[in-house]
Amino acid sequence: MMRFTGGHLTRPSELGDRRKRAEDEFSWFFSAEYEAVTRTVFFIIHDAQRAEDIAQDAFMQLLVHWKKVSKYERPDAWIRRVAIRQAMRHVRRERIRPTLEREVVLPRALQTADVDVLKAVAKLPTMQRAAVVLFYFEDRPMEEIADALGCSTSTGWVHLHRARKRLAEMLGEEMTSNVD
Amino acid sequence: MLIDRRLRQAFHGAAPAVKAHVWNGLSGVHARRRRRRQIQLVAIAAAAIVIAIAAIAGPDVWEAIGTDRQHPPAEEPPAERSHVPQSLLSIYTVTVPATSGVLLKYQLIGRWKLRLSQGDDQNLRLIGDEHQSVSDPNAPTFIPTFEGSYEVSGSRLTTDVLADTSWCKEDPSGTYLWRRSGSTLELTVLEDSCAVRRALLAQKPWRDRALTSVVPPQLVGTYRTTLEGGRSFVRNGLRGRWSLHLRPDGRLIFEPPSSFEFRNYGRVNDMSFRRVGPGRIEIIRGFVTHCTGFGTYGWRLQGSRLTFELVEDDCPARRIVFSSQPWLRT
């Protein structure tokens, strides 16, 4: 039996091959990006379990839209945009809950890291926090950061500069006018 | 310190401590998608029932409809599975010199094999050469073999090998930093109070036995191919001219096109291979850092034209670069 797909007649075996190829590509992309996305989300929300939830939700959306997104040049930018927006929504929701006025408690495994920095980042407004994580942890260019945050590039730079200034004050570090 | 530097150091230093289990994550994503489909189906069915009832029984029935809706049962969480990088799974050898104090004391000098396996039989095995007792030359020779479990978490490897010996029974497990570099494995002690295990595992260097050069000599050389773009991001990102150097020491070195974007693939790295049959090559690992599994290809050289035919390979990018176009020797 033949099926008509987008102007071409396609045999069922070809459809099966394509589906298998798409699944392979998704699994490959997932194994390449999942850890990095989870870590990025974690640095924004500071909750390891929730970070995995958000990352998995974002990848679930990617799986639903994989046929379309896999044709993009940069599916890694797409997944970050979705995950970061979910993370920011999560932070905003949690902010209005009074229980979250408490001190940030980091997982035990992170206690050897520079906890002061992570705690200071947690005190930043959501957009600034995401900008800092994407810029310093993910090394993403500002165009991509702005895209993920849903703002213009110049607004993205403003978020980053304000975040640096506040962090430098909180941590007692030097700051130059140029971002390094 | 500048704030920029401190931020980078803090994030990159903390990153390895944030665990994300890739295999569990992938199962989680598929489970979520199934749940979402079930919910959608339930919602569609419920809407259809409501519309049908409303059409048959009229508006009075709306009041009788409750709002409780049961969610589909949550799926069992996927079983915890220790993920060991493919690059680590191999058999390594080292020769312990007669100058190694504690190992000499217990007659553990000589050639040792270290085997790291995964799956149902995930274990770390240390196998010595045939040994002869020094104190009793008439005693039969023996091959010392020690087996234990191991787990890998990022760059850390924890094992309880030798825990059932008198040397390590007080300190059943030790933790090491592992690092693969070319064909060698280095284990650096992070925490291990058992002197024998420490001395044996931290021997340098453990050489990957699988990487012994078996490159067919006629294949050695430099090849080029040009890839066209396609419909998927994997193929699109790989377009351009690629060079491939097949070296006599068993390495394949790729040079990507100048337009190659590393983000979707990880860095291009060396690849090692061994011949597994006439005209067949098994890729042990490599190409780009995101390709972690094995791949097998058939190869055929006709004049200056080298073609690879896919036998099996889990890595889509490697499949495309290897086998979608012939390579021409330069």
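A residue is called buried when its relative accessible area is under 20%, exposed when that area is over 50%, and partly exposed in between. With a relative accessible area of 0%, Leu162(B) therefore falls in the buried class. The model described here is predicted, and the points below concern backbone geometry in chains A and B together with the surroundings of one helix residue, Thr38(A).

**Positive phi outside glycine**

- Leu162(B), although it is not a glycine, has a positive phi of about 75°, and this buried residue is found in the chain B loop that runs between β6 (156-159) and β7 (174-181).
- Asp139(A) is likewise not a glycine and has a positive phi, here of about 55°; its place is the loop between α6 (126-137) and α7 (142-149) of chain A.
- Because its relative accessibility is 40%, Asp139(A) counts as partly exposed, whereas Leu162(B) is buried.

**A cis peptide bond**

- In chain B, the peptide bond leading from Lys204(B) to Pro205(B) is cis, with an omega near -15°.
- The proline of this bond, Pro205(B), lies in the loop that separates α4 (195-201) from β9 (206-208) in chain B.

**A buried helix residue**

- Thr38(A) belongs to helix α1 of chain A, which covers residues 12-45, and it counts as buried because its relative accessibility is 1%.
- When residues up to four places away in sequence are not counted, Thr38(A) touches Ala51(A), Glu52(A) and Ala55(A) in chain A, as well as Ala20(B) in chain B.

Notes
Residues numbered from 1 in each chain as written. Chains lettered and ligands numbered in written order. Predicted model: local features only at pLDDT ≥ 70, side-chain atom pairs only at ≥ 80, totals over all residues. Heavy atoms only, no water. Helix = DSSP H or I, 4+ residues; strand = E, 2+ residues; numbered from the N terminus. Buried < 20%, exposed > 50% of the residue type's maximum accessible area, 1.4 Å probe, protein only. Contact = heavy atoms within 4.5 Å.
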